[in-house]
Amino acid sequence: MTQLTPYLCVADARAAIEWYVAALGAEVTYDPIVMDDGRVGHCELAIGEAQWMMSDQFDSAGIAAPDPARGAAVSLHLTVADVDAAAARIVRQGTPMARGPEDSPPSGRVAVFVDPFGHRWFLNQPAES
(Lines give C-alpha, C1' and ligand atoms only; values in the text may rest on other atoms or scores of the structure.)
Protein backbone atom coordinates (compact mmCIF):
# COMPACT_ATOMS: atom_id res chain seq x y z
CA MET A 1 0.00 0.00 0.00
CA THR A 2 1.04 3.58 -0.49
CA GLN A 3 0.45 6.13 2.22
CA LEU A 4 -2.95 7.67 2.93
CA THR A 5 -3.13 10.08 5.85
CA PRO A 6 -6.52 10.54 7.53
CA TYR A 7 -7.59 14.06 8.47
CA LEU A 8 -10.07 13.74 11.34
CA CYS A 9 -12.61 16.34 12.31
CA VAL A 10 -13.77 16.43 15.93
CA ALA A 11 -16.11 18.64 17.97
CA ASP A 12 -13.40 19.38 20.58
CA ALA A 13 -9.84 19.01 19.29
CA ARG A 14 -8.20 19.88 22.61
CA ALA A 15 -10.14 17.11 24.39
CA ALA A 16 -9.43 14.72 21.51
CA ILE A 17 -5.69 15.39 21.70
CA GLU A 18 -5.73 14.65 25.43
CA TRP A 19 -7.76 11.46 24.90
CA TYR A 20 -5.63 10.13 22.03
CA VAL A 21 -2.47 10.72 24.09
CA ALA A 22 -3.90 9.04 27.21
CA ALA A 23 -5.83 6.18 25.57
CA LEU A 24 -3.75 5.37 22.50
CA GLY A 25 -0.32 6.60 23.54
CA ALA A 26 -0.30 9.11 20.67
CA GLU A 27 2.18 11.93 20.50
CA VAL A 28 1.57 15.37 19.08
CA THR A 29 3.97 15.75 16.15
CA TYR A 30 2.73 19.16 14.97
CA ASP A 31 1.47 21.52 17.65
CA PRO A 32 -2.08 22.82 17.26
CA ILE A 33 -2.61 25.88 15.12
CA VAL A 34 -5.19 27.87 17.06
CA MET A 35 -7.53 30.08 15.06
CA ASP A 36 -8.65 33.57 16.14
CA ASP A 37 -11.86 32.11 17.56
CA GLY A 38 -9.92 29.63 19.73
CA ARG A 39 -10.66 26.51 17.70
CA VAL A 40 -7.88 24.20 16.54
CA GLY A 41 -7.44 24.66 12.79
CA HIS A 42 -4.81 21.93 12.41
CA CYS A 43 -2.62 19.55 14.41
CA GLU A 44 -0.85 16.27 13.75
CA LEU A 45 -0.55 13.14 15.89
CA ALA A 46 1.23 9.81 15.58
CA ILE A 47 1.33 6.38 17.13
CA GLY A 48 4.60 4.87 16.01
CA GLU A 49 4.67 5.29 12.23
CA ALA A 50 0.89 5.77 11.98
CA GLN A 51 0.08 9.44 11.56
CA TRP A 52 -3.05 11.54 11.21
CA MET A 53 -4.09 15.17 11.06
CA MET A 54 -6.98 16.67 12.95
CA SER A 55 -8.98 19.85 13.45
CA ASP A 56 -12.10 21.17 15.11
CA GLN A 57 -15.20 21.34 12.96
CA PHE A 58 -15.69 24.39 10.77
CA ASP A 59 -19.08 24.92 9.15
CA SER A 60 -17.56 27.60 6.94
CA ALA A 61 -15.20 25.00 5.43
CA GLY A 62 -17.86 22.29 5.19
CA ILE A 63 -16.23 19.93 7.69
CA ALA A 64 -18.07 18.45 10.64
CA ALA A 65 -17.42 15.89 13.34
CA PRO A 66 -19.12 12.49 12.94
CA ASP A 67 -22.74 12.19 14.03
CA PRO A 68 -22.76 9.22 16.46
CA ALA A 69 -26.47 8.64 15.73
CA ARG A 70 -25.62 7.76 12.12
CA GLY A 71 -22.79 5.29 12.76
CA ALA A 72 -19.28 5.40 11.36
CA ALA A 73 -18.65 5.97 7.66
CA VAL A 74 -14.95 5.06 7.96
CA SER A 75 -12.93 2.75 10.21
CA LEU A 76 -9.36 3.55 11.14
CA HIS A 77 -7.15 0.43 11.13
CA LEU A 78 -4.27 0.58 13.61
CA THR A 79 -1.68 -2.20 13.87
CA VAL A 80 -0.43 -2.63 17.44
CA ALA A 81 2.03 -4.98 19.12
CA ASP A 82 -0.43 -6.05 21.85
CA VAL A 83 -4.19 -5.71 21.23
CA ASP A 84 -5.08 -6.73 24.78
CA ALA A 85 -2.86 -4.06 26.35
CA ALA A 86 -4.12 -1.40 23.91
CA ALA A 87 -7.75 -2.35 24.57
CA ALA A 88 -7.22 -2.29 28.34
CA ARG A 89 -5.71 1.20 28.14
CA ILE A 90 -8.69 2.43 26.10
CA VAL A 91 -11.21 0.86 28.50
CA ARG A 92 -9.39 2.50 31.45
CA GLN A 93 -10.12 5.84 29.74
CA GLY A 94 -13.84 5.01 29.85
CA THR A 95 -14.35 3.78 26.29
CA PRO A 96 -15.82 0.28 25.92
CA MET A 97 -14.84 -2.15 23.20
CA ALA A 98 -17.51 -2.79 20.57
CA ARG A 99 -15.78 -6.09 19.77
CA GLY A 100 -12.97 -8.09 21.29
CA PRO A 101 -10.19 -8.36 21.99
CA GLU A 102 -10.49 -11.68 20.24
CA ASP A 103 -8.65 -13.99 17.91
CA SER A 104 -9.79 -13.53 14.32
CA PRO A 105 -7.94 -15.87 11.96
CA PRO A 106 -6.23 -15.17 9.67
CA SER A 107 -6.01 -11.49 10.70
CA GLY A 108 -4.62 -12.17 14.16
CA ARG A 109 -5.94 -10.61 17.35
CA VAL A 110 -8.45 -7.78 16.94
CA ALA A 111 -10.55 -5.29 18.88
CA VAL A 112 -12.93 -2.56 17.75
CA PHE A 113 -14.06 0.60 19.53
CA VAL A 114 -15.62 3.97 18.80
CA ASP A 115 -13.70 6.82 20.37
CA PRO A 116 -15.49 9.58 22.31
CA PHE A 117 -15.35 11.78 19.18
CA GLY A 118 -17.31 9.38 16.95
CA HIS A 119 -14.46 7.72 15.05
CA ARG A 120 -14.42 3.91 14.74
CA TRP A 121 -11.05 2.19 15.28
CA PHE A 122 -10.03 -1.36 14.39
CA LEU A 123 -7.01 -2.57 16.39
CA ASN A 124 -5.04 -5.44 14.89
CA GLN A 125 -2.20 -7.53 16.26
CA PRO A 126 -1.11 -9.54 13.22
CA ALA A 127 -0.90 -13.31 13.59
CA GLU A 128 2.63 -14.60 13.93
CA SER A 129 3.79 -16.47 10.86
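A salt bridge is counted here when a side-chain nitrogen of Lys or Arg lies within 4 Å of a carboxyl oxygen of Asp or Glu. The model shown is predicted, so local features need a pLDDT of at least 70 and side-chain atom pairs count only at pLDDT 80 or more, while totals for chains, interfaces and linings use all residues. Residues are numbered from 1 along each chain as its sequence is written, and side-chain values use heavy atoms, with hydrogens and water left out.

**View 1. The salt bridge between D37 and R39.** The structure holds 4 salt bridges, and in the one formed by D37 with R39 the closest N and O atoms are 2.6 Å apart. Relative accessible area is used to call a residue buried (under 20%), exposed (over 50%) or partly exposed (in between), with a 1.4 Å probe and protein chains only. D37 is partly exposed at 49%, and R39 is also partly exposed, at 30%.

**View 2. The salt bridge between R109 and D84.** The closest N and O atoms of this pair are 2.6 Å apart. R109 lies in strand β7 (residues 108–114) and D84 in helix α2 (residues 83–92), so the pair ties together parts that are 25 residues apart in sequence. Helices (H or I, at least four residues) and strands (E, at least two) are DSSP runs, numbered from the N terminus. R109 has a relative accessible area of 21% and D84 one of 35%, which makes R109 partly exposed and D84 partly exposed.

**View 3. R99 with E102, and a salt-bridge network.** The side chains of R99 and E102 meet in a salt bridge, at 2.6 Å from N to O. R99 is partly exposed at 32% relative accessibility, and E102 is partly exposed at 30%. Elsewhere, D84, D103 and R109 are joined into one network by salt bridges that share partners.

**View 4. Strand β5 and its partner β8.** In a regular strand the side chains alternate between the two faces of the sheet. Along β5 (residues 75–79), L76 and L78 point to one face and are buried, whereas S75, H77 and T79 point to the other and are not. Two strands pair if DSSP finds at least two bridges between them; 5 bridges join β5 to β8 (residues 120–126), and these strands run parallel. L76 stands opposite W121 in β8.

**View 5. The cysteines C9 and C43.** The structure holds 0 disulfides, a disulfide being a pair of cysteine sulfur atoms within 2.5 Å. For C9, the nearest cysteine sulfur is that of C43, 11 Å away. C9 is buried at 9% relative accessible area, and C43 is buried at 0%.
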